[in-house]
Amino acid sequence: MDNKNGAIIVFFSKDGNTRSGAKRLNERLGGKIIELQEQKKGNFLQALFKKGSKLQGNPWNEITGATDVYLMQPIWASNAVPAMNAFLQKADFSGKQITIITFQQFADLRNSDKVHQEIAAAVKQKNGQVIGSYAFIGGKMGQCAAEKFIYDQIDTMELPNSPIGDP
Ligand SMILES: Cc1cc2nc3c(=O)[nH]c(=O)nc-3n(C[C@H](O)[C@H](O)[C@H](O)COP(=O)(O)O)c2cc1C
């Protein structure tokens, strides 16, 4: 599909929840999806200590022409995941509008505000403008929730210039 509105979804997913959310969001945006893949799997301790993992390829190049970037990731250890930390460390968000989306297992969405603030601070440091943050519920640790459960949450998002509109 053409990337008509310059939207790019950058996501990391271990167990499929965020991947499912990214797929649904892209159905609405008609953009492009970039999956962050690690050379060696990131872990709980790296998340806890806010470290980055080594990424495969050059995902940073992929967002060069984008005007809207959606950063999607699970919450690990009440923090951002190592793969997203690595992406944020080298990204250039100049002139881009960023939306932050997290998935987590706890239904009370605990610590999501803190994680969103930390990701937003990293985005601002790389000259990006954060225009929205969404906290969603995924599966329990190691599990993938039903597709409809994920899709229904993504469908609550209000999107600018969505080619198929808001459902
Ligand atoms: C290493 C690890 C740490 C996690 N830590 C948290 C946490 O602190 N809070 C939370 O709500 N969920 C936590 N989770 C659950 C995930 O956020 C949840 O299962 C999410 O839906 C996974 O997304 P994914 O399927 O895209 O990988 C953790 C999961 C893993 C694997």
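In this briefing a helix is a DSSP run (H or I) of at least four residues, and helices are numbered from the N terminus. With that in mind, helix H1 covers residues 17-29, and it is followed by Gly 30, whose phi is positive, near 65°. The model described here is a predicted one, and its five strands form an open sheet with parallel pairing, in the order E2-E1-E3-E4-E5. The points below take up the sheet, the helices, the ligand and two individual residues in turn.

**The sheet and its strands**

- The edge strands of the sheet are E2 and E5, the latter covering residues 129-137, and each of these two pairs on one side only.
- Neighbouring strands of this sheet are turned against each other by 20° on average, if direction is ignored.
- Strand E1 spans residues 7-11, and because five of its five residues are buried, the strand is largely enclosed by the rest of the structure.
- In a regular strand the side chains alternate between the two faces of the sheet.
- In E1, Ala 7, Ile 9 and Phe 11 point one way while Ile 8 and Val 10 point the other way, and all of them are buried.
- E1 is joined to strand E3 (residues 68-74) by five bridges, and these two strands run parallel; Val 10 has Leu 71 as its bridge partner in E3.
- E1 is also joined to strand E2 (residues 32-35), again in parallel, by four bridges, and here the bridge partner of Val 10 is Ile 34.
- Between E1 and E2 the chain passes through helix H1, and this β-α-β crossover is right-handed.
- Seven bridges connect E3 with strand E4 (residues 97-104), and the two run parallel; within this pair, Met 72 stands opposite Ile 101 of E4.
- E4 pairs with E5 in the parallel sense over eight bridges, and Gln 97 stands opposite Gln 129 in E5.

**The helices around the sheet**

- What span should the 13 residues of H1 have at 1.5 Å a residue? The expected value is 18 Å, and the end C-alpha atoms of H1 are 18 Å apart, which agrees.
- Several residues of H1 are buried, including Asn 17, Thr 18, Ser 20 and Leu 25, and what covers the buried residues of this helix includes E1, E2, E3, E4, E5 and helix H6 (147-154).
- Helix H4 (82-90) is mostly covered, since seven of its nine residues are buried; among them are Pro 82, Met 84, Phe 87 and Leu 88.
- The buried residues of H4 pack against E1, helix H2 (44-48), helix H3 (59-62), E3 and H5.
- Helix H5 (residues 112-125) packs on the sheet and touches E3, E4 and E5, with a direction that makes about 150° with that of E4.
- Together, E4, H5 and E5 make a right-handed β-α-β unit.

**The ligand**

- The ligand is surrounded by 22 residues, of which the closest are Asp 15, Thr 18, Pro 74, Gln 104 and Gly 138.
- H1 and E4 each supply at least two residues of the shell around the ligand.
- Which element gives the most to this shell? H1 does, with three residues.

**Two residues to look at: Ala 135 and Ile 75**

- Ala 135 is found in strand E5, whereas Ile 75 is found in the loop between E3 and helix H4.
- Is Ile 75 buried or exposed? It has 23 C-beta neighbours inside 10 Å, and because a residue is called buried when 20 or more other C-beta atoms lie within that distance, Ile 75 counts as buried.
- Ala 135 has 18 other C-beta atoms within 10 Å, so it is partly exposed, a class that lies between exposed, with 12 or fewer, and buried, with 20 or more.
- Although Ala 135 and Ile 75 are 60 residues apart along the chain, their C-alpha atoms are separated by 9.7 Å.
- Leaving aside neighbours within four places in sequence, Ala 135 is in contact with Thr 102, Leu 109 and Ser 112.
- On the same basis, the contacts of Ile 75 are Thr 102, Gln 104, Asn 111, Ser 112 and Val 115.
- One of these contacts, Asn 111, is 36 residues apart from Ile 75 in sequence and 8.8 Å apart from it in space, C-alpha to C-alpha.

Definitions and conventions: Residues numbered from 1 in each chain as written. Predicted model: local features only at pLDDT ≥ 70, side-chain atom pairs only at ≥ 80, totals over all residues. Pairing = 2+ DSSP bridges. Right-handed = clockwise from strand over helix to strand, strands pointing away. Axes fitted to C-alpha atoms, helices over the stretch in contact; angles between N-to-C directions. Contact = placed C-beta atoms within 7 Å. Expected span 1.5 Å × (residues − 1). Near = placed C-beta within 6 Å.
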